[in-house]
Amino acid sequence: MPHLLAILALLAVVAYLGLSSTARNQGEFTYALDDTYIHLAVAQNLATHGTWGINPGEFSPVTSSILWPLLLALLGAATAWGVWVPLVLNLILASVVLWIADSWMKELGVGWM
């Protein structure tokens with residue numbers, strides 16, 4: 001049960017920040033850092049042109065991760081909904097981390113009270 005509360009708190013905070021950020025950007029959702037857009041550009045180029053980089057047919061090692069753009073490309077970063085793929089994937093992975101942390105805490109005998 002504590003892991004569900006933690007996941008709900010995570011989702012509530014992200015929803016609040018996302019909605020307030022969108023409201024301040026004339027209704028357009030944006031990420032705070034350019035790294036997300038760089039990874040998305042590489043993933044879109046990889047999915048559509050088969051090239052690792054931000055320009056079609058031109059290799060460029062611009063990302064700090066190898067796995068993340070591959071995962072984004074596999075999960076549809078080249079689609080119209082591609083901008084949402086990193087957010088959804090991060091929320092899923094963060095929820096899994098919270099679930100695992102709760103399991104470890106239970107194994108260690110750490111309780112809430």
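## Getting oriented

Helices here are DSSP runs of H or I with at least four residues, numbered from the N terminus. With that in hand, welcome to this predicted model. Let us begin with a loop: the one between helix H1 (2–24) and helix H2 (34–49) is home to Gln26. Although Gln26 is not a glycine, its phi is positive, at about 55°. Gln26 is also exposed, with a relative accessible area of 74%.

## The nonpolar core

Next, look at the inside. The largest nonpolar core has eight residues: Leu40, Ala43, Trp68, Leu72, Ala73, Ala77, Val85 and Leu89. At least two residues of this core come from each of H2, helix H3 (67–74) and helix H4 (85–108). H3 gives the largest share, three residues. As a general background, nonpolar side chains in soluble globular proteins tend to be buried together.

Trp68 is a good core residue to click on. Leaving aside residues up to four places away in sequence, Trp68 touches His39, Pro86, Leu89, Asn90 and Leu93. One of these partners, Leu89, is itself listed in the core.

## A salt bridge in helix H4

How many salt bridges does a search of the whole structure find? The search finds one. In this salt bridge the side chains of Asp102 and Lys106 meet, at 3.3 Å from N to O. Asp102 and Lys106 are separated by about one helical turn, because they are four residues apart in helix H4. In general, side chains of opposite charge can pair when their charged atoms come close.

Is Asp102 buried or exposed? Its relative accessible area is 11%, and under 20% means buried, so Asp102 counts as buried.

## The outer side of the model

Now turn to the surface. A nonpolar patch of about 750 Å² is made there by Trp81, Trp84, Val88, Ile92, Val96, Ile100 and Trp104. Among them, Ile100 is found in helix H4. With a relative accessible area of 37%, Ile100 is partly exposed, because that value falls between the 20% and 50% limits.

Helix H4 also holds Val97. Val97 has a relative accessibility of 53%, and exposed means over 50%, so Val97 counts as exposed. Val97 also links two distant parts of the sequence for the eye: Val97 and His3 are 94 residues apart along the chain, and their C-alpha atoms are separated by 9.7 Å.

Key: Residues are numbered from 1 along each chain as its sequence is written. This is a predicted model: local features need pLDDT of at least 70, side-chain atom pairs count only at pLDDT 80 or more; totals for chains, interfaces and linings use all residues. Side-chain values use heavy atoms; hydrogens and water are left out. Buried means under 20% relative accessible area, exposed over 50%, partly exposed in between (1.4 Å probe, protein chains only). A nonpolar core is a set of buried Ala, Val, Leu, Ile, Met, Phe, Trp, Tyr and Cys residues joined through side-chain atoms within 4.5 Å. Contact means heavy atoms within 4.5 Å. A salt bridge is a side-chain nitrogen of Lys or Arg within 4 Å of a carboxyl oxygen of Asp or Glu. Patches are made of residues with over 30% relative accessible area and no salt bridge: like charges are joined within 9 Å, nonpolar side chains (Val, Leu, Ile, Met, Phe, Trp, Tyr) within 5 Å. Accessible areas come from the Shrake-Rupley method with a 1.4 Å probe; for residues, only the protein chains shown count as cover.
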